[in-house]
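Hi,

Here is the structure we talked about. Please open it first, then read on for what turned up.

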Amino acid sequence: MKKKILLLSLFSVTAHMALAQNDATLDSLYIEEVQEQKLPVKVLHAEPLYIDLIRDLGARKGEREWNLGLGLTDNLKYDSYEALVEYEWAPIDRLGLEVELPFTFYSPLQSTSRDSIPSNQLNSLKVAAQWSFFVNEKYATSMAIGYINEFELSSFREFGKPLVKGNVYNPFLVVAKRWGNNFHSLIYTGPMIHQDFENNNFHTTYDINTSFHYMIPGTRNFLGIEFNKTLDKKDFDMTIRPQMRVGVTEQLMIGIVAGIPVERENERFSSFLRLIWEPKHH
């Protein structure tokens, strides 16, 4: 009887070690596939789904990606639906560029008239650049600086009166670290300076976005959470966004995000879906 118990214990331990070794092998193979032993060096990081980056950190020339985003936010007096089309690419090593068109559509709730809610609109034309200035394989760490310029457009109700009503200047810093093979952390932070062309007023807020992810062994799938925080003088807003990303094919992924506001006066729960397509590059 003792021999049987000992044999079963040895079998259980051996099976557990084999599974752990298999997961570690899958992780190593996938990380090696992404990073590859060639110049320039690139570290695998999990990219947040709501506040996404301008191309991967340590981008390599020729990489490109299309994004289609769809979201719903439950407000007190109306629902807002957001949609975005985004294209990002790397013309040279370490440099990512992006063009984005974000739309917002509004639907009044039962007791609210349509005239009392915002008008549907193409929010802006966003152009952006991101430069990875530090990529270190040994410490699995990458850093980048970037800039987003957002030309704010008038709503459809007042479109062309004027066409461009303001501008948003948004420099930012990104620092990402992978812990072992599966755990990822990232901070994305910077000021957003809003300029109103009609009266030439400026208004500045500061964003601090942190994220933590667990990547499923040997895949691009992950589970994670974002904390999107905004400082506006003495006001502080935060939205917690649990999320997951699933690979459908080698080039296509789907990201699903839920939004849970913390002490926001007018916004309630939200959801967001991101379709990510990465064409093959040479």
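Is Ser211 buried or exposed? Ser211 is buried, because its relative accessibility is 1% and the cut-off for buried is under 20%. Bear in mind that this is a predicted model.

Ser211 sits in strand S9, which spans residues 201-215. Leaving out neighbours within four places in sequence, Ser211 contacts Pro48, His184, Ser185, Leu186, Ile225 and Glu226.

Ser211 also lines a cavity, the second largest one. The search covered the whole structure and found two cavities of 30 Å³ or more. The second largest has a volume of about 30 Å³. Its lining consists of Pro48, Ile51, Leu186, Tyr188, Asn209, Thr210, Ser211 and Glu226. By type, that lining has four nonpolar residues, three polar and one charged. Strand S9 contributes the most, with three residues. Strand S8 (183-196) and S9 each supply at least two.

Now to another strand. Glu82 belongs to S2, residues 78-92. Its relative accessible area is 23%, so Glu82 is partly exposed; buried would need a value under 20%. Setting aside residues up to four places away in sequence, Glu82 touches Tyr50, Gly69, Leu70, Gly71, Thr73, Phe103, Thr104 and Phe272. Take Thr104 from that list. Glu82 and Thr104 are 22 residues apart in sequence, but 4.4 Å apart in space, C-alpha to C-alpha.

Best wishes

Notes:
Residues are numbered from 1 along each chain as its sequence is written. This is a predicted model: local features need pLDDT of at least 70, side-chain atom pairs count only at pLDDT 80 or more; totals for chains, interfaces and linings use all residues. Side-chain values use heavy atoms; hydrogens and water are left out. Helices (H or I, at least four residues) and strands (E, at least two) are DSSP runs, numbered from the N terminus. Buried means under 20% relative accessible area, exposed over 50%, partly exposed in between (1.4 Å probe, protein chains only). Contact means heavy atoms within 4.5 Å. On a 1 Å grid over the protein atoms alone, a cavity is a set of points where a 1.4 Å probe fits but cannot get out, and a pocket is an open set with protein on both sides within 12 Å along at least five of seven lines; lining residues have an atom within 4 Å of a point. Grid points are joined across faces, edges and corners, and a volume is the space filled by probe spheres set on the points. Ala, Val, Leu, Ile, Met, Phe, Trp, Tyr, Cys and Pro count as nonpolar, Asp, Glu, Lys and Arg as charged, and the others, Gly among them, as polar.
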